[in-house]
Number of protein chains: 2
Amino acid sequence: MPNPPLAPHYHAYIAALNGHTSLTPFVHDHVTHNGRRLTRANYQAMIDASSAAAPDLRFNVTMLVVADDTVAARLWFDCTPEREFLGCRATGRRVRFAEHVFYRFREGRIEEVWSLLDLKAVEEQLGKE
Amino acid sequence: MPNPPLAPHYHAYIAALNGHTSLTPFVHDHVTHNGRRLTRANYQAMIDASSAAAPDLRFNVTMLVVADDTVAARLWFDCTPEREFLGCRATGRRVRFAEHVFYRFREGRIEEVWSLLDLKAVEEQLGKE
C-alpha cells in the first residue's frame, strides 16, 4: 500500500493529536523517535504527558514541506503549563515555542520521527528548574 | 527569475559553507534568521564564528525535503570545539548534534531561515558554562 497524499494526511494526524483521537491510522505499531524505538502506546503517552501538563496545548502547523515519503513541519505552540513541562517547572506563565520535526511515512503511517524542540525558548519563558 | 532546482542548489550552498567560499550566490543581501533581519555579512559572520570555534565543523545533510520555494534539512555536525561554542565552554571533547532548518528561497537565494539546534545535546556533551 503506497502512502496517501501526505499533506492532507499529515493535517489529519495533527487534527487527531489536537482532538485526542486514536493515532492508529497515522502511526505504526512501532515508531522510532529520535533514534529510540517506541511502541505506539509509548509515543502516545509521551504526547499525552505534554497535553496533561499544558491542557491548552495545541499543535499548529506553520510550515509544511512534503516530498516522497517524508514530511517536514515547523510546529508552533502557545500554551500555559499547569504542571512541569519539558523539564521546566510550571510558573503560571505562558510559553510560545517551535518544534521542527521530520517524519518518514510507510504505507500511510509514521515509522520514524526526528524532532527538535526549542527548549531554550521554553526555559527562558518559564525559568529553568 | 524563478528558483533553480533547489535540491542541487542547496547542496551547492552547503559546499560553499564547507569550502568557506562566497555566500552571495545563495543568500540575499538581507536574510531573516529566526525572525531577526540580518545582512548577508552578519549571517556569514554568525556561521564563521562557529567555524572559528570548531575548525573541523562541517555541514552534513542527512535529510533534505524540497517543495516549491522551501527547503527543509536535517543537518548533522561532528566536531571538536577549541573555543566557546554555542554558549558552551570548549572542553576538548567532541560533540555530535543535529540542526533542523527551514529555508525560503526567492529568485534562487535564501531570504528566510528558521533554525533549531539541539543545544541540549551540545550542553550534555560539552558541559554547560
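How many aromatic pairs does a search of the whole structure find over all chains? I began with this count and obtained 17. I counted rings of Phe, Tyr and Trp (its six-membered ring) as a pair if their centres lie within 6.5 Å, with planes under 30 degrees apart taken as stacked, over 60 as edge-to-face and the rest as tilted.

**Conventions**

I note that this is a predicted model, in which local features need pLDDT of at least 70 and side-chain atom pairs count only at pLDDT 80 or more, while totals for chains, interfaces and linings use all residues. Residues are numbered from 1 along each chain as its sequence is written, chains are lettered from A and ligands numbered from 1 in the order in which they are written, and side-chain values use heavy atoms, with hydrogens and water left out.

**Aromatic pairs**

I looked up Tyr10(B) and Tyr13(B), a tilted pair with 5.8 Å from centre to centre and 45° between the planes. Both residues lie in helix α1 (residues 6–19) of chain B, 3 residues apart, about one turn of the helix. I took helices (H or I, at least four residues) and strands (E, at least two) as DSSP runs, numbered from the N terminus. Tyr10(B) counts as buried because its relative accessibility is 0%, and Tyr13(B) counts as buried at 1%. Buried here means under 20% relative accessible area, exposed over 50%, and partly exposed in between (1.4 Å probe, protein chains only).

I then turned to Tyr103(B) and Phe105(B), also a tilted pair, at 6.4 Å centre to centre and 50° between the planes. Tyr103(B) is buried at 3% relative accessibility, and Phe105(B) is buried with a relative accessible area of 2%. In chain A, I found one aromatic cluster formed by Tyr10(A), Tyr13(A), Phe26(A), Tyr103(A) and Phe105(A).

**Helix α2 of chain A**

I checked the length of helix α2 (residues 40–53): its 14 residues should span 20 Å at 1.5 Å a residue, and the end C-alpha atoms are 20 Å apart, which agrees. The expected span is 1.5 Å times one less than the number of residues. Arg40(A), Tyr43(A), Ile47(A), Ser51(A) and Ala53(A) are buried in this helix. Their cover includes α1, β1, β2, β5 and β6 of chain A.

**Strand β4 of chain A**

I found 8 of the 10 residues of β4 (residues 70–79) buried, so the strand is largely enclosed by the rest of the structure. Strands pair if DSSP finds at least two bridges between them. β4(A) runs antiparallel to β3(A), joined by 7 bridges, and antiparallel to β5(A), joined by 10. I followed Trp76(A) in β4(A) to both sides: Asn60(A) stands opposite, and Ala98(A) is the bridge partner in β5(A). β3(A) and β4(A) form a hairpin with 2 residues between them, and Asp68(A) in the turn has a positive phi of about 50°.

**Chains A and B**

I superposed the copies by least squares on the C-alpha atoms of residues with pLDDT of at least 70 in both. A turn of 180° and a shift of 0.0 Å along the axis lay chain A on chain B with an RMSD of 0.0 Å. That is the relation of a two-fold axis.

I recorded 21 residues of chain A in contact with 21 residues of chain B, where contact means heavy atoms within 4.5 Å. The chains bury about 1,700 Å² between them, 81% of it on carbon and sulfur atoms. Buried area is the accessible area (1.4 Å probe) that two parts lose on being put together, summed over both. Met63(A), Phe102(A) and Leu116(A) supply 38% of the area that chain A buries against chain B, more than any other three residues.
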